[in-house]
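The exercises below ask you to work through charged side-chain contacts and strand pairing, one step at a time. Please keep the sequence and the model open beside you as you read.

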Amino acid sequence: TAKALTVPSLTANNKTYDGTTLATLTGTATLQSPETPGVGTTSDGKPYSGDTVILSGTPIGTFASKDVANGISVSASGLSLGGADAGNYSLTALTLSANIGPATVTASITGNPAKTYDGTTSASLAPTNFSLSGLASGENFTVTQTLGTYNTRDVATAVTVSVGLSTVDFMAIPGTLASNYILPTSASGPGHIDRANATISVTPYSVTYSGAAHNATGTAKGVLNENL
């Protein structure tokens with residue numbers, strides 16, 4: 001029967017989650033140093049001196065799972081044996097392992113959310129006001145947090161909106177696992193406040209017609225009953 005040869009010089013690298021099973025390998029794919037015929041055992045993984053056995057190909061690593069975990073099995077393909085004596089040998093499958101760590105997601109506020117001045121810094125947000133980066137292709141979350149904060153309550157100086165986030169504010173779309181990611185705890189971006197209409201009240205009065213002009217009096221109030 002064919003003697004099994006091993007390739008001990010390759011190791012699998014840890015990686016950050018990217019939604020694929022692709023693994024990178026470190027080292028040069030080589031066979032172990034030949035041994036003298038009749039001296040070694042058939043299980044030592046070495047070719048015999050004098051035999052022509054050539055290892056060829058480019059090793060390609062593949063994780064057994066794409067999801068975050070430690071000690072995931074990694075298989076290597078793309079290698080083959082050649083040479084005049086290759087028929088006397090077989091190539092043992094490599095037994096490698098590596099870790100996949102969670103990817104870090106960042107969030108930002110988009111769409112320049114606006115409101116009419118109401119004397120507060122509160123901002124109303126919708127899922128469309130959030131942009132996420134750092135996600136694997138085809139994966140995403142819906143952000144359900146609806147309450148943000150403007151940097152100031154005043155029209156002239158309100159330029160940004162910020163919001164605190166927690167894991168409960170993220171709803172994964174089908175095909176996305178939250179455990180594969182480190183989710184953001186905050187987001188910010190441009191926003192503005194528009195001016196509100198004041199309430200104008202004219203004081204009623206009654207005079208006898210004289211053909212002359214009359215001056216009216218009244219009040220102008222803001223949204224917080226400020227006297228304008």
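**Exercise 1.** Find how the side chains of Lys 66 and Glu 139 meet, and state where in the chain the two residues lie.

*Solution.* In this predicted model, the side chains of Lys 66 and Glu 139 form a salt bridge, with an N to O distance of 3.9 Å. The cut-off for such a contact is 4 Å between a side-chain nitrogen of Lys or Arg and a carboxyl oxygen of Asp or Glu, so the pair qualifies. The next step is to place both partners: Lys 66 sits in the loop between S6 and strand S7 (69–82), whereas Glu 139 sits in the loop between strand S14 (130–133) and strand S15 (141–143). The salt bridge therefore links distant parts of the chain, since its partners are 73 residues apart.

**Exercise 2.** Determine which other residue forms a salt bridge with Lys 66, and decide whether Lys 66, Asp 67 and Glu 139 are buried or partly exposed.

*Solution.* Lys 66 also forms a salt bridge with Asp 67, and here the closest N and O atoms are 3.1 Å apart. For the second part, buried means under 20% relative accessible area, and partly exposed lies between that value and 50%. Lys 66, with a relative accessible area of 27%, is therefore partly exposed, and Asp 67, at 22%, is partly exposed as well. Glu 139 counts as buried because its relative accessibility is 11%.

**Exercise 3.** Describe the salt bridge between Lys 3 and Asp 44, and name the network to which the two residues belong.

*Solution.* The side chains of Lys 3 and Asp 44 meet at 3.0 Å, N to O. Lys 3 belongs to strand S1 (residues 3–5), while Asp 44 lies in the loop between strand S5 (25–26) and strand S6 (54–63), so that 41 residues separate the partners. Lys 3 is buried, because its relative accessibility is 6%, whereas Asp 44, at 22%, is partly exposed. A network of salt bridges links Lys 3 and Asp 44 with Glu 35, and the structure as a whole holds seven salt bridges.

**Exercise 4.** Work out the strand order of the open sheet of four strands, and find the bridge partner of Thr 149 in S17.

*Solution.* The order is S13-S16-S17-S20, with antiparallel pairing. Strand S13 (122–124) and strand S20 (186–190) are the edge strands, each pairing on one side only. On average, neighbouring strands of this sheet are turned by 35 degrees against each other, direction ignored. Strand S16 (residues 147–150) and strand S17 (residues 160–164) run antiparallel and are joined by two bridges; in S17, Ser 162 is the bridge partner of Thr 149.

Notes. Residues numbered from 1 in each chain as written. Predicted model: local features only at pLDDT ≥ 70, side-chain atom pairs only at ≥ 80, totals over all residues. Heavy atoms only, no water. Buried < 20%, exposed > 50% of the residue type's maximum accessible area, 1.4 Å probe, protein only. Pairing = 2+ DSSP bridges. Axes fitted to C-alpha atoms, helices over the stretch in contact; angles between N-to-C directions.
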